[in-house]
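Work through the exercises below with the sequence and the coordinates side by side. Each task is followed by a solution that goes step by step.

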Amino acid sequence: MLEVQNLQYQIGQHAILNDISVQFQPGLCHLIVGPNGSGKSTFIKIVSAEIEAYQGKVLYEGKDAKKITKQNLSQYRAVLSQHTELSFPMRVDEVVLLGRNPHFEISPSKKDNQIVQDALELLSLQNLAGRNYQTLSGGEKQRVQYARVLTQIWETPQEGLRYLFLDEPLNNLDVYYQQQFLSIAQSFKNDATILIGVVHDINIAIRYAQQLYCFLNGKIVAQGVPETIVQPALLKQVFDIDTSIVNHPQTGKPIIIF
Amino acid sequence: MAPKSSLFFIVLTALLIVMLLIAIAFGAVSILPSEMWSALNHWFTGKEPATIYESVFIQLRLPRVLLCAITGAILAVSGVLMQGLFRNPVVEPGLVGTSAGAAFGASIVFSLSPFMSPSFKSVLGPFMVPLFAFVGGLAATYLVYSIAKDKKHISILSLLLVGMAMNAIGLSGVGLMTYIARDPQARSITFWNLGTFSGANWFQVFVTGMMAAVCFWLAQRQAKKLNVLLLGDQEAGHLGVDVKKLKTNILILNTAMVSVATAFVGVIAFMGLIVPHVLRLLIGSDHKKLIPASILMGALLLTIADVGARLLLAPAELPIGIITSIVGAPLYIFLLKKFQLNQTN
């Protein structure tokens, strides 16, 4: 379990996150939505232990995140950020292999190389494996980064959990790959995985989230199963838009019409 | 990739050995292989050199060629490290103030040397130049780095602009020292600005070689982390690299070896730019290969440049810095242009 206790974060006088307490169970897909500036990206940066100057506690299975060494953490916690550029030419498979760095001392083992191949296959990137990363489109780059992030925590740890954080991973992606990204995340997670993502598209969030969190002004104003919490009144409060809700003809899940 | 790159290393090593032999043989006087052999024999058995050629070989040519090769390797590795650190292909030690700061530090020692007591000079003297060069180089690099950096990012434009200003400060410092120095000291200072190996001796080879060996070894140990840093500070942090510590280590390593090289042979521009660029095209961006390959290629290219410097106007000599600048500056402009285009795309 990933537990957040009384989390406060401010930049100067400006409070970004305001007394957040929440628990994330393994095995579920936790997705966060909210308007720009609601603090969701900052929240991901704090729970993934990138930012440390906060008040309150972030507990990885009861252990204070601030007390876990970065090196140790990197073996079971991976983060996919918005976009990553390279200044130097590098092959796609070399970029993906960087994800295995926390797991080998000097040279990658056979197993590391095999994991890279499996990840390339999972993201349908085999044909791009030998290409120069710099020449790829924005969407292709994002898929390569996703493959790299998954290789970092490819294997379920012998004991304890692995943690996957997705910080607005769907930018630059077309509809097909948006769906692919989240269904891969769903099949990747298991009972030993904590999966938390920030997503912009509310309908995509409803479709894939098992637990949905609505952020507004640095607070979580609603959380729970999407079918029960998504109501026009909540959407009016959070996004300030008037909406109608219909049910998806196949899945029966709510669909928001703006 | 693997067989291709091992072949690459073999070819590069062979070329370097051939070039070193050529560099030893040719110059103001030519030295035959048989003379090299007998000179080495006499040297190792502790006998006096038999001919003037043998002593030219032992006392002048050999240290010069070795110092040149070591310096080339240092500048090339330093270029790889700096570019990896700043994640930018247009950075090299000459452009961010390291060389100018080191030259300034060394010039202080040179112009003050007439005022030092003889006993002080004989004990600490030989170490004063490298030490002051190191302090000067480190101070200049650190200043450039911290001025150019805003909260998170380090903009390449401000880095180059601040570096330019730092170069101006360093070189005007050298100018001032030249102005107040006495004649023989002033001449030694002038040499640096253009770079020269004509004064090479075994002491310099020893100090630079030791420094290079230690720094190359330490640099190779950081190669894996430098690879991860290619993804950026944030991603490297997620992959467990202590980015701040890595950057500090690289900066110190780099400054140490560049400063020592600069203290003895002067400012040799653009070597740190050319070698990494060519190598990335040939063998890719993996630092585990880039660092050893740049040792070989840096040594090779600077040896070629030095042979050119000696032969083009023989028996007179061209400062080597002029040759590297003539070749390097156009490449630098080309890279800047290309990098600019990449960024606007």
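**Exercise 1.** Among contacts in chain B between residues at least 6 apart in sequence, what percentage join residues at least 24 apart?

Solution. The model is predicted, and two residues are taken to be in contact if their C-beta atoms, placed from the backbone, lie within 7 Å. Keeping the contacts in chain B between residues at least 6 apart in sequence, one finds that 79% of them join residues at least 24 apart. Turning to the secondary structure, chain B has 14 helices and zero strands, and of its 345 residues 48% count as buried.

**Exercise 2.** Determine how many residues each chain gives to the contact between chain A and chain B, and describe the side that belongs to chain A.

Solution. The contact takes 21 residues from chain A and 20 residues from chain B. On the side of chain A, the elements that give two or more residues are α2 (70-73) and β6 (77-80) of chain A, and the largest share, three residues, comes from α2(A). Sorted by character, the residues on this side of chain A are 10 nonpolar, seven polar and four charged.

**Exercise 3.** Which elements of chain B have the lowest and the highest mean pLDDT?

Solution. Begin with the whole chain: chain B averages a pLDDT of 83, and 90% of the residues score at least 70. Among its elements, helix α7 (residues 183-194) of chain B has the lowest mean pLDDT, 67, whereas helix α9 (residues 223-229) of chain B has the highest, 93. Where pLDDT is low, the predicted coordinates should not be read in detail. For the model, the scores are ipTM 0.89 and pTM 0.86.

Terms used. Residues are numbered from 1 along each chain as its sequence is written. Chains are lettered from A and ligands numbered from 1 in the order in which they are written. This is a predicted model: local features need pLDDT of at least 70, side-chain atom pairs count only at pLDDT 80 or more; totals for chains, interfaces and linings use all residues. Helices (H or I, at least four residues) and strands (E, at least two) are DSSP runs, numbered from the N terminus. A residue is buried if 20 or more other C-beta atoms lie within 10 Å of its own, exposed if 12 or fewer, and partly exposed in between; C-beta atoms are placed from the backbone. Ala, Val, Leu, Ile, Met, Phe, Trp, Tyr, Cys and Pro count as nonpolar, Asp, Glu, Lys and Arg as charged, and the others, Gly among them, as polar. pLDDT is the predictor's confidence in each residue, from 0 to 100.
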